Amino acid sequence: MTSLPQLTSFVFAEKLGRGSYATVYKAYRKGSKREVVAIKCVEKSSLNKTAVDNLITEISILKKVKNEYIVELKDFEWDDKYIYLIMEYCSGGDLSHFIRQRRRLPEVIVCRFLQQLATALKVLRSNNITHMDLKPQNILLSNSQDPVLKLADFGFAQYLNPEDRATSLRGSPLYMAPEILLKHHYDARVDLWSVGIILYECLFGQAPFSSDTFFQLAEKIKSTKPIQIPYGVNISDNCRHLILSLLERDPNKRITFEEFFNHPFIDLKHMPSLESYQKGVKLIQEAILKDSYGDYNDAIQLYCEGLQYLVPLVTSEKDRRRKLIFQQKVEEYMNRAEELKDMVKTYSEKTTPIEMSGKLAQIASENPDLEKSFRKAEEAENLNYLGMHEESSKLYQEALEVMVSYVRALPKGEKKSILLREVDRWMGKAEEAKSSSKAQRLRSNEILAAMRSNISPADTLGQNCCIQ
């Protein structure tokens with residue numbers, strides 16, 4: 001009878017799972033800090049040379065690669081019967097169980113999971129590591145409520161340079177790339193095929209080649225029939241393109257790692273992180289400044305670019321209070337961007353200039369300087385309409401200087417009376433623009449102050465950022 005594993009520093013609890021040569025237990029570290037861990041207990045007696053090599057590679061990889069989306073190897077120990085891998089504990093179980101509970105996952109959740117998986121694979125790729133056994137059972141979830149994906153089980157992983165080829169049979173048949181099953185000759189691109197199968201299963205509830213026997217599975221994989229997207233399930237064009245690009249039977253036609261990491265469905269550029277938070281805040285601050293100066297087209301573009309970084313952060317924030325504050329701020333900027341779009345659209349549709357009465361037009365045409373002042377006043381009114389109050393006020397002042405000088409030199413009469421009424425109107429508009437300009441500057445300063453004081457990254461950043 002095989003004795004139960006024991007470690008002096010830990011109290012073993014329930015069994016989490018069992019493989020061909022290892023059993024995983026939940027355990028508690030003894031001492032004042034009762035840390036929860038998962039301990040993978042490998043029976044030495046069950047190991048052949050290949051298994052020993054695999055275990056050494058697994059420990060080597062987990063010691064080398066550190067990432068929030070790769071399960072952490074905290075330590076390893078051994079005694080005369082077992083080798084113990086002390087791992088990060090993930091209370092959410094594995095992705096396979098998560099899918100079975102929900103039958104299929106919404107595209108927005110799948111996208112978030114795929115971002116996390118792609119990030120983990122990017123780390124492996126930078127170290128020339130191929131996982132070789134990507135499947136939902138080897139992807140753990142940090143918890144069940146708001147899970148973060150953790151790539152696990154590197155027992156079949158290999159160090160493969162881009163030009164390297166391998167020949168041994170590795171992985172699980174249902175998620176195994178065709179070139180492994182059919183040709184026994186493959187490279188790192190096999191991981192991309194497995195990602196495609198996982199993506200398909202997340203979205204549609206089962207793998208595309210689900211079969212009762214290995215023979216049936218092999219026949220389906222040998223077929224040249226294109227992958228079919230299930231009828232009646234709506235997915236985005238980007239998502240559809242990625243699935244079909246990953247599930248190309250010919251690895252030379254399959255999407256490359258670089259194309260995968262840059263694919264618009266995954267959108268790693270705007271994935272929630274401290275860096276994306278900082279970029280978003282910087283862009284919004286620039287948008288507010290452009291807005292306050294009346295550079296509305298630039299402001300719209302900057303608001304939109306900043307929001308692309310900030311909107312994903314709202315969904316990733318775990319603290320409810322901070323999430324609500326953050327959401328309100330983001331909605332403010334979205335609403336302001338829409339206001340500016342409407343304002344610019346309305347102005348662009350305004351094709352006719354401000355009309356002067358026949359008599360005013362005739363008087364203005366008698367003197368080139370006077371005509372210029374009318375055009376300046378016309379431009380000032382348009383700027384004021386667009387919210388560019390400071391520029392509008394300056395142009396009104398320039399127009400008034402010419403107009404007042406001209407009117408003073410006129411004798412009493414109808415012409416002078418007409419122009420005096422216009423002077424009064426311009427002065428009223430100039431004061432209005434001046435007041436609005438002052439209010440606009442105050443508003444801009446208030447918003448910037450609020451941005452600087454209210455928005456700050458979390459002290460510790462898992463994948464979330466927050467507003468305090």
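Leaving aside its neighbours within four places in sequence, which residues is Ser142 in contact with? This tour of a predicted model begins with that residue and then moves on to pockets and helix pairs.

**First stop: Ser142**

Select Ser142, which is found in the loop between strand E7 (139-141) and strand E8 (149-151). Once the neighbours within four places in sequence are set aside, the residues in contact with Ser142 are Cys90, Ser91, Gly92, Pro147, Val148 and Lys150. Add Ser91 to the selection and draw a line between the two C-alpha atoms: Ser142 and Ser91 are 51 residues apart in sequence, and that line spans 5.7 Å in space.

**Second stop: the largest pocket**

Next, select Val24, Gln137, Asn138, Leu140 and Asp153, which lie nearest the centre of the largest pocket, out of the 30 residues that line it. The elements that give two or more residues to this lining are strand E1 (10-18), strand E2 (22-29), strand E3 (36-43) and strand E5 (82-88), and colouring these four strands will help you to find its walls. The volume of the largest pocket is about 850 Å³. If you colour the lining by residue class, you will find 13 nonpolar, nine polar and eight charged residues.

**Third stop: the second largest pocket**

Now turn to the second largest pocket, which holds about 390 Å³ of space. Select Leu268, Lys269, Met271, Ser273 and Glu275, which are the closest to its centre among the 19 residues of its lining. Helix H3 (107-126) and helix H9 (274-293) each supply at least two residues of that lining, and H9 gives the most, with three residues. By class, the lining of the second largest pocket divides into seven nonpolar, six polar and six charged residues.

**Fourth stop: H9 beside H10**

Keep H9 selected and add helix H10 (residues 296-316), whose axis lies 8 Å from that of H9, at an angle of about 155 degrees. Angles over 145 degrees count as roughly antiparallel, and H9 is therefore roughly antiparallel to H10. H9 passes H10 in a left-handed crossing. To see the side chains that meet here, show residues of H9 including Tyr277, Val281, Leu283, Ile284 and Ile288, together with residues of H10 including Tyr296, Leu302, Tyr303, Leu310 and Leu313. Taken as a whole, the contact of H9 with H10 has 14 nonpolar, three polar and six charged residues.

**Fifth stop: H3 beside H5**

Go back to H3, which you met at the second largest pocket, and add helix H5 (residues 190-204). The axes of H3 and H5 come within 10 Å and cross at roughly 160 degrees, which makes H3 roughly antiparallel to H5. The crossing of H3 and H5 is right-handed. On the H3 side, select Glu107, Val110, Leu114, Leu117 and Leu121, which meet Asp191, Val195, Leu199, Cys202 and Leu203 in H5. Sorted by class, the contact of H3 with H5 has eight nonpolar, no polar and two charged residues.

**Last stop: H5 beside H7**

Leave H5 on display and select helix H7 (residues 237-246), whose axis comes within 8 Å of that of H5, the two crossing at roughly 135 degrees. H5 and H7 are therefore oblique to each other, and H5 passes H7 in a left-handed crossing. The residues of H5 that make this contact are Leu192, Trp193, Val195, Gly196, Leu199, Tyr200, Leu203 and Phe204, and those of H7 are Cys239, Leu242, Ile243 and Leu246. By class, the contact of H5 with H7 has eleven nonpolar residues, one polar residue and no charged residues. Before you clear the selection, find Val195, Leu199 and Leu203 once more, which are among the residues of H5 that meet H3 and are also among those that make the contact with H7.

How values were computed. Residues numbered from 1 in each chain as written. Predicted model: local features only at pLDDT ≥ 70, side-chain atom pairs only at ≥ 80, totals over all residues. Heavy atoms only, no water. Axes fitted to C-alpha atoms, helices over the stretch in contact; angles between N-to-C directions. Parallel < 35°, antiparallel > 145°, perpendicular 65-115°, else oblique. Left-handed = near helix turned anticlockwise from the far one by under 90°. Contact = heavy atoms within 4.5 Å. Nonpolar A, V, L, I, M, F, W, Y, C, P; charged D, E, K, R; others polar. 1 Å grid on protein atoms, 1.4 Å probe; cavity = no way out; pocket = protein on both sides within 12 Å on 5 of 7 lines; lining within 4 Å. Points joined across faces, edges and corners; volume = space filled by probe spheres on them.
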